[in-house]
Amino acid sequence: MKTKAGTLLKLPTVLVARDRSRRTHFLHSKDIGTGSSKFANYQIEFLSQFGSSHAGCASVLGCLIGFDGVCHNDDIEAAYAACAGAAKYRDQVRIDWARGAQIDARHISVFTQVAASQVKTWLGFHEARDDLLKFLKSCKSHQNHPDDINAFWLQFLRDAQAWLQDQLPPVLFGHVTHAACLSALPRSALVRDITLMAVVKEKIDENVPAEVSPDVWSRCFEAAWLGKKSSGESGAEFVDKLVRCLIEAKHGSHAARRSRILGNLQQHSTSLADTNEFSALLFAHAFDLLENGTRGKKVIAPGTPYDYLQSYAMEMFRLVDDRKLGQLSLKSYLEIFNTLLDPEKLKVNSKRAAGLLAFHRFLREWWTVPQLPAAMFKTAEDSGVNANLIWPHELTRIQMWLQSDSNSRFHAQLRCAFSILGATMMRIGELMYLRMENLKDEGDHIMVEVARRMRDGKEKTKEGRRRVFVRDECALKEVRSWLARRDQEEYLPEELVFCQLGKPNQVAMPGKFYFWLNKLLKSATGDTAVSTHTMRHGTASFVFKNMLAENSALEINPMDHLANEAGHAGAHVTTAKYCHMFEQGLHDAIDRSIRDIVNNSDIAARWSAKSAQTLRQRKSRHTRALRDTGSLARQNMYLHAIKAFSDQTVWPSIDSGLLLTDAVNPMANVRAGEHTVSRVVLILEDLSAGHHAEQVALRRDCNLATVNSILKSVGTFSDQHGDADDELQDPLAYGLSSLKDRSGDQLGIVPAFARTRQVHLRPLLRHLDSADRNLLSRFSQYWVMSLRDGHFGLRLRPGIEDIATLLANCGLNKTLIAVRHNRLCESADPSKFEEMLNSVKSIFHAKLGQSPPLIPKKKRAGRPAVWLVIASSAKNAIKDGSGTSMDGFNCLMLSLYVWLHLTHEANS
Amino acid sequence: MAMPVPLNKIVKEQIRQYLAHCQALVRRFTDLSDKRIAKLIAALQSALNGEPGAPLLVLASPRLTPVAVGSANVWGDFPKHLRVPANVGRHFWQNAARQAGLSSHDIDRLMRHRVVGLEPNTNSQIRPAAESFDRICELQERILTELGIKAISGLRRAST
């Protein structure tokens, strides 16, 4: 073996050497046999001396070393401390402790469980260690012990390691001795498994609804994926303009100021298409700060994004120098941050460190960048645990969310992508550029060839060129359904699997695709650190767990097979970085090794609080009854007796202390490919702000035909309701000019679309997005009919209850609602008039929570007996200054009118 | 890079018997008080104490000096036409293991062969050494029993 000169390391207790591929070779010490047998003797003596009635802190420590594979000096203290907080995970009792950015954990043995359950008062580690050493000195196996207590302790640990080197799979031996550590899953991931709920990482402020602007996010990621070279307008100027967009307005509430900055950003987002990867990601980060805050604070001050970005953005832009962040090596990435975190510069700008930490965390959550040491940012908290995974039920949940719109091509694209990512260990970049010729249905599985064309760029490494297989039944079904769809689209073999129709070499909506792949995972798990890359960890961890359980002696190392699927140079990379579920395998391996020791009735009696005779009788009966002399059940009978005793202890569940919530489908309110009233409002707002149709189509992620169709509807509306000239005009041009007319004369209403964001109109907008179309149609017709009269009247006819419900749900300013009546109306029966009035009053009182003012009106031809109006406060004779609310309301109703036309056209 | 080798029960028992034999021999030699065998006694004592570098198996030369046992001492006395390569034992066990269906990983462990990329003691491997050793020992014990080979006792008491 070629060993790098000087790489022979002598760790405190185990000898290792690393070769050029960073694989760890465990060297055998000369006295491995002696050490191993000494430790085996210690196990027997320990179990014979201690027991359920003679347990204490020393016995917990002895069990951890003897039967849980805790053998590194640094781990023992942490593991001992963790025993007090042991928790139940499925049918195991688990302890875990932090080891830098990693977590180490054990499913503790039945002996440790018994010992820990008997402890009344936990002693300090050193006291417990001294007690254990006292016992060791009395053992026959350790008669020739060194006098120095520390030397004795290390000798004991060396013996433990010798035994473990013999008994454990080498990959687990590397972990327990710190020579090649694995990382266990954080509790939050395990809690998601047992509760089937999403975790809440920080307290949610219920007053601030989480907003999602998929359009902006999609544009950011599209720009980042396509990553053009920066130049002039698209380069430094873009970043400079971005920082200026974040300058805080000086007046208004925090929410209003944040909203204004978001508006600025949305306007600036039109330039994203020409920018480079770094600038696009910086933009996305600024947007994320405003929408979601930081990890520590959900709602940040409106000035914080500016403080952060102005402190480093331009300098970082120059340092990145048009390189792709996603492809930077750890060294280059570290270099950039080291330069920016220069102590001299930090003195000048105190916000820089916090800003850079927030940006790094954002990149870790949404992009692929290396991990940085926590000490770099001088923070105790690390930028996230390395280990995580997506559970199968979470993938199923996402697939169910996506099933809600089975006809949408985009949804089908996402379903297929999730199926491939969940069943194989493909990277997102490899998936995006997969071509139809790379997928081959081979009966019981689909073979996926990861072999990019030159034009799509190289694979990450030469090992990345490989074949992976989709074998899972559900995944096969989804992929086949996508292939059938592509078949209908008459694909060519060289087309991308997820290409845009008619453009075989372009991924369909790459930014939107990337955003939703990640967003759905984050929503299903509740964990913002989860991304598509996490699915690779999940696949590897499940395979690894099964591999440890199978214990097969196949000719081909199954770990090599896994490494091939992952596209790694060797299995050591895959296990060290990707395999997180090792606790059960470690527990089982040690259990198998001590089976002979436990198969002693005296020892079993000591640890199960049953008499040895009883246990022997039980075994004998089992043998006679079943004529069973060699089965595993018979061999493990004593172990089961101890397990039954340890199960009497009630351990706290692993989910205690964690905040959980139901996972919410983030796509529920954003029906991809469909136009909602909210979207029409945004389009109309852009048009009235002076953007031309092409620009709006790009900004609002829709095609030009839709924008034109909206303009035509507005033109038709203006023609009917505004002060139109008699000349016949093109509805498209007239629609555009009437939207730009600030007086509202042309349109018939004031085009103040920004007012639709008023707090009391927001619920109405949400309601309009989800209400029944027929009801909305009636609602719109009433509004159109009554617009000329300057009020919005509702005649008392069937269905008014629905409309009252809609108004109640919309939370409209109630001072604008009034009931008018005309007692002398000819159409109304005077005897029933009071009844009618009371009925209206009661309906609105029940729905709105208060009775609207009753205003008598004079008799006029065509007027009903009772009607409802929503008008300006002046018209209702209530002078509370809220009369202008009608502008926002009218704009909303115009949007509804346009939306109804749009959907009518689409349906027809 | 040193690799451990498993010892099956028969070999372990044979070593135990041999050490008991050596111990008895040392006592007898000591009783003789003959200066010519002092070196031989020292060599046997070193083997008994497990001193590093000391050979376990020693023979006395015609001049009664200790000589470490080599393959020549095993096969050298055979007539020429019956002679076999010095490492015939390794050849035998490799073939026997292959015929018995042991995996190539187990055979590599037994032979202490190191195949680049497949070294058993690295963190890219999943098979514990103990399980491999168990399979090897089980096979060896079976074959040795079939061949009628078992542990032989030597001298026991210090003197007759």
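Visitor: How many disulfides does the structure hold over all chains?
Guide: This is a predicted model, in which local features need pLDDT of at least 70, side-chain atom pairs count only at pLDDT 80 or more, and totals for chains, interfaces and linings use all residues. Side-chain values use heavy atoms, with hydrogens and water left out, residues are numbered from 1 along each chain as its sequence is written, and chains are lettered from A and ligands numbered from 1 in the order in which they are written. A disulfide is a pair of cysteine sulfur atoms within 2.5 Å. Over all chains, the number of disulfides is 0.

Visitor: How far from A:Cys63 is the nearest cysteine sulfur?
Guide: A:Cys63 counts as buried, because its relative accessibility is 0%; buried means under 20% relative accessible area, exposed over 50%, and partly exposed in between, with a 1.4 Å probe and protein chains only. A:Cys63 takes part in no disulfide, and the nearest cysteine sulfur, that of A:Cys83, lies at 9.1 Å.

Visitor: Why does the sulfur of A:Cys71 form no bond with the closest cysteine sulfur?
Guide: A:Cys71 is buried, at a relative accessible area of 0%. The closest cysteine sulfur belongs to A:Cys181, and it is too far for a bond because the separation is 11 Å.

Visitor: Which strands stand at the edges of the open sheet in chain A?
Guide: Strands (E, at least two residues) and helices (H or I, at least four residues) are DSSP runs, numbered from the N terminus, and two strands pair if DSSP finds at least two bridges between them. The sheet has 3 strands in the order 8-9-10, with antiparallel pairing. Each edge strand has a single partner, so one side is left without a neighbour in the sheet; these are strand 8 (439-441) and strand 10 (466-470) of chain A.

Visitor: Which residue in strand 10 of chain A stands opposite A:Val448?
Guide: Strand 9 (residues 446-450) of chain A pairs with strand 10 of chain A in the antiparallel sense over 5 bridges. Opposite A:Val448, strand 10 of chain A places A:Val468.

Visitor: In which helix does A:His285 lie, and is A:His285 buried or exposed?
Guide: A:His285 lies in helix 12 (residues 277-292) of chain A. Not counting residues up to four places away in sequence, A:His285 touches A:Leu309, A:Tyr312, A:Gly355, A:Ala358, A:Phe359 and A:Phe362, where contact means heavy atoms within 4.5 Å. In helix 12 of chain A, at a relative accessible area of 1%, A:His285 is buried.
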